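Ready for a few exercises at the bench-side screen? Take a look at the model, try each task, and then compare your steps with the worked solution.

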Amino acid sequence: MKLTRIAPSDRDDNVYRVALNPSGLAYYASPADNLLSAAARGGIDVPAACRNGVCEICEARLLAGSALNTRNQQKILVGERLMLCRSLALGDLELEISAVMAAGKIQPGKFQAKVVDVRSINHDVYRVELQLPKRRELSFHAGQYLSVNLPGNEPCYFSIASSPSEPNLELHIQASPDWISAQKVIDALTSGGEVTLELPHGKACLAAVPEKPLLLVAAGTGFAQMKSLVDYLRGTEYRQPVQLFWGVRRHEDMYLRSLAQQWAKDWPSFSFRPVVGDDEDNDWSGHHDQLVRAVLASGMDWKNVEVHASGSPTMVYTLMDALMEAGLPEQAFFSDVLEYAPRQK
């Protein structure tokens with residue numbers, strides 16, 4: 001699937017499109033925006049430190065267009081280097097900046113993390129907060145996941161529930177005696193100290209704001225991935241509608257319902273639809289049919305929406321098939337399930 005995304009398409013004549021190579025990402029900047037600040041508002045993570053042109057971390061090369069150096073008020077010519085924090089667009093631009101990675105293209109690495117907090121937030125879900133001593137060395141995209149690597153055990157994979165801009169990492173781990181591997185992780189984390197992580201993983205993520213309305217569909221702790229996406233988008237200038245459907249078996253399984261409800265109150269573009277098996281006719285099946293029916297009944301324009309889904313392979317493929325039959329283009333459906341549990345051809 002094509003993962004390139006740009007800012008909302010309803011641009012006006014007072015903004016310029018800034019295309020980044022080789023990532024294929026793009027964003028929009030007004031004539032008064034320095035290119036670094038405009039990239040941040042477009043949800044694109046450009047490495048930077050000083051923000052005044054001294055550290056040269058945000059350096060790029062101008063491939064096409066014209067820009068202005070705000071330090072000396074000189075035009076920057078094609079082929080010259082520029083600092084995004086000290087440059088203004090004078091028209092549409094094309095830049096070469098290898099430090100910006102397309103969605104899912106950041107190579108995973110191993111990191112030692114300090115356990116800051118482990119707390120129960122319902123009967124079997126724990127919120128975990130982890131701190132990396134050298135946070136600046138880690139980059140990931142909203143919606144990606146990590147593995148917790150315990151000595152002598154297979155890696156355990158969990159969605160990152162926090163935005164890439166947050167200093168610490170947040171996980172939502174469902175653990176019980178029936179979930180042996182997850183329970184081992186919780187037991188190890190509760191004892192404090194440090195833990196080995198490998199990240200980032202996953203291609204169903206956002207490296208820039210989408211150009212279409214967004215539909216988020218989660219089952220159970222799949223909400224963690226959606227929280228990362230929502231927190232990320234709220235820090236950008238994304239203005240398209242966002243709908244979240246969260247399906248659980250019982251009311252008590254919706255462990256952060258109040259948070260999703262607060263998003264709906266605070267963010268005019270956001271709406272939240274809980275889907276609970278205990279509600280109405282209690283018709284919750286192992287195939288998550290109730291959740292899929294609720295999504296289909298939303299009446300969205302399936303030809304003009306981007307969908308991100310997180311849950312079991314059964315739920316994800318049931319949803320994907322139903323939405324594609326309703327008119328959703330295949331390339332507009334994103335889920336990590338498509339990568340780690342591909343259908344047999």
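A residue counts as buried when its relative accessible area is under 20%. Keep in mind that this is a predicted model.

**Exercise 1. Work out whether W263 and F270 are buried or exposed, and how their rings are arranged.**

Step 1: Apply the cut-off. Both W263 and F270 fall into the buried class.

Step 2: Look at the rings. A pair of aromatic rings is described by the distance of the centres and the angle of the planes. For W263 and F270 the centres are 5.7 Å apart and the planes are at 85°.

Step 3: Classify. Planes over 60 degrees apart count as edge-to-face, so W263 and F270 form an edge-to-face pair.

**Exercise 2. Describe the aromatic pair of F223 and W246, and find which elements it links.**

Step 1: Start with the total, which is seven aromatic pairs in the structure. In one of them, F223 and W246 are stacked, with 4.0 Å from centre to centre and 15° between the planes.

Step 2: Place the partners. F223 belongs to helix 3 (residues 223–234) and W246 to strand 16 (residues 242–248); the two are 23 residues apart, so the pair links distant parts of the chain.

Step 3: Check accessibility. F223 and W246 are both buried.

Step 4: Widen the view. One aromatic cluster is formed by F223, W246, Y255, W263, W267 and F270.

**Exercise 3. Trace the partners of strand 1 (residues 16–21).**

Step 1: Take strand 2 (residues 26–29). Strand 1 runs antiparallel to strand 2, and four bridges join them. Within this pairing, R17 sits opposite Y28.

Step 2: Inspect the connection. Four residues lie between strand 1 and strand 2 in this hairpin, and G24 in the turn has a positive phi of about 80°.

Step 3: Turn to strand 8 (residues 93–96). Here the pairing with strand 1 is parallel, again over four bridges, and N21 stands opposite E96.

**Exercise 4. Which order do the five strands of the open sheet follow, and why do strand 2 and strand 6 each have one side without a neighbour?**

Step 1: Add another pairing. Strand 3 (residues 59–64) is antiparallel to strand 8, with three bridges between them; L62 has L95 as its bridge partner.

Step 2: Write the order. The five strands form an open sheet in the order 2-1-8-3-6, with mixed pairing.

Step 3: Find the edges. Strand 2 and strand 6 (81–83) stand there with a single partner strand each, so one side of each has no neighbour in the sheet.

Methods:
Residues are numbered from 1 along each chain as its sequence is written. This is a predicted model: local features need pLDDT of at least 70, side-chain atom pairs count only at pLDDT 80 or more; totals for chains, interfaces and linings use all residues. Side-chain values use heavy atoms; hydrogens and water are left out. Rings of Phe, Tyr and Trp (its six-membered ring) pair if their centres lie within 6.5 Å; planes under 30 degrees apart count as stacked, over 60 as edge-to-face and the rest as tilted. Buried means under 20% relative accessible area, exposed over 50%, partly exposed in between (1.4 Å probe, protein chains only). Two strands pair if DSSP finds at least two bridges between them.
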